[in-house]
2 protein chains.
Amino acid sequence: MRPQIVLFGDSITEQSFRSGGWGAALADTYSRKADVLVRGYGGYNTRWALFLLHHIFASEDKSPPLATTIFFGANDAALLGRNSERQHVPVEEYSDNLRKIVQHLQACSPTMKILLITPPPVDEEGRMKYARSIYGKNAVKLPERTNEGAGVYAKQCMELAKDMGISSIDLWSKMQETEGWQKTFLSDGLHLTPEGNAIVHEEVVRVFSETGLSADNMPYDFPHHSNIDGKNPEKAFQVQCS
Amino acid sequence: MRPQIVLFGDSITEQSFRSGGWGAALADTYSRKADVLVRGYGGYNTRWALFLLHHIFASEDKSPPLATTIFFGANDAALLGRNSERQHVPVEEYSDNLRKIVQHLQACSPTMKILLITPPPVDEEGRMKYARSIYGKNAVKLPERTNEGAGVYAKQCMELAKDMGISSIDLWSKMQETEGWQKTFLSDGLHLTPEGNAIVHEEVVRVFSETGLSADNMPYDFPHHSNIDGKNPEKAFQVQCS
């Protein structure tokens, strides 16, 4: 049984296996060491994610994931009275929902590495442009998400992680450290460019490594081909496959 | 339990989750429908793959993969007396080994879709350039693989697929239909560029669709977010998650 790393989140997770995506890059980093499974649900907020939680992470699973990323908030932070208000979840409830998710994962496996990722920043200009491309003249004149609003959810996510003593990535702050983050990291003001995906990949690898889950220290599942004697291949496999 | 698609092969499979890779693209195609697991082993030939077979595909597995791609031959076709002769497997044995792999998978699950993929063509000039970059002046003056040689293995692979009545992709022929395939599809004369990966992805999706495994016809694991009523989310989940 190869260990599993599960990516649980919204569209930014669902799309993470597109070209240049952070999920695919993570699968490559843990190649022959762990399987990376996507459990990304476009458009979902934490309220809806709770309906899936016990289906995706079954308490009775005898081989729970080695690690799980929890990456929600971009939809919870959609504002009331604007285009995406259906997805809005108040920030207190967002925090409560994240706590429930973490507690459930901890109950599934006390040793699971759990990593909370904040929503990315929002480029409001990018969102308006996207809305006009979808709704034309009917687009609401105000963006459905604001960067300030997303920041409130990001802060809450970081506080929860600290409170519960689990790992976290403040993606909202991290991306804004780079000048021009709006277009460099975001394709439509919210979703990630390959450069934005690269940041998430780097950060996840960094945090996993810091918490003892470095791919470099994990064993290959089977012998590297250079260790196989062409004339006596059995030998290499007797050591690692008996 | 989400169905699984397993990619079993050599480095061309192992590297398929790099940026632009065919494995990652396949995972994206089957997003929320099937998990794509990589079982790629750089440098492996079919002789060595047999040592792994029963570990990766256990007969007693109650949830065997829905589909498996078998993509070997690039290393078996390495020539005797040249740099990579350690990896050489005679073509008759290559065919026998592939047959054993297919038979084992069929024993694991009589309904599993099995897809044989031939080795890609070889750009000998690209291989020589690669050898010089590794071995410098000590590089053997002849390429360690030839396109003609790879073609013999590809033909054998296609004949076996026909003989056993299973699906196949003649990648060796398919790629050579495009003028300039040597540099367009191959990065070092053997491994795939993003364009080469795209061909593999397209072909695998096409064959899977033809054999009743079209992602379009497979159900989403959970409701699409647009079907969730913001004021009464339970309803959507009662239908699909009860």
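**Salt bridges between chain A and chain B.** Across the interface of chain A and chain B in this predicted model, the rule finds 6 salt bridges (a side-chain nitrogen of Lys or Arg within 4 Å of a carboxyl oxygen of Asp or Glu). One of them joins A:Arg39 to B:Asp35, with the closest N and O atoms 2.8 Å apart.

**Elements on the chain A side of the interface.** Helix 2 (22–29), strand 2 (35–40), helix 3 (46–56) and helix 10 (234–240) of chain A each give two or more residues to the side that touches chain B. Helix 3 gives the most, with 6 residues. Helices (H or I, at least four residues) and strands (E, at least two) are DSSP runs, numbered from the N terminus.

**Extent of the contact.** Chain A and chain B each bring 40 residues to the contact (heavy atoms within 4.5 Å). The buried area is about 3400 Å², and carbon and sulfur atoms give 57% of that area; buried area is the accessible area (1.4 Å probe) that two parts lose on being put together, summed over both.

**Cysteines A:Cys108 and A:Cys157.** The structure holds 0 disulfides over all chains (a disulfide being a pair of cysteine sulfur atoms within 2.5 Å). The sulfur of A:Cys157 has its closest cysteine sulfur in A:Cys108, 19 Å away, which is too far for a bond. A:Cys157 is buried at 0% relative accessible area, and A:Cys108 also counts as buried, at 11% (buried means under 20% relative accessible area, 1.4 Å probe, protein chains only).

**Conventions.** Residues are numbered from 1 along each chain as its sequence is written, and chains are lettered from A in the order in which they are written. Local features need pLDDT of at least 70, side-chain atom pairs count only at pLDDT 80 or more, and totals for chains, interfaces and linings use all residues, while side-chain values use heavy atoms, with hydrogens and water left out.

Note on methods:
Buried < 20%, exposed > 50% of the residue type's maximum accessible area, 1.4 Å probe, protein only.
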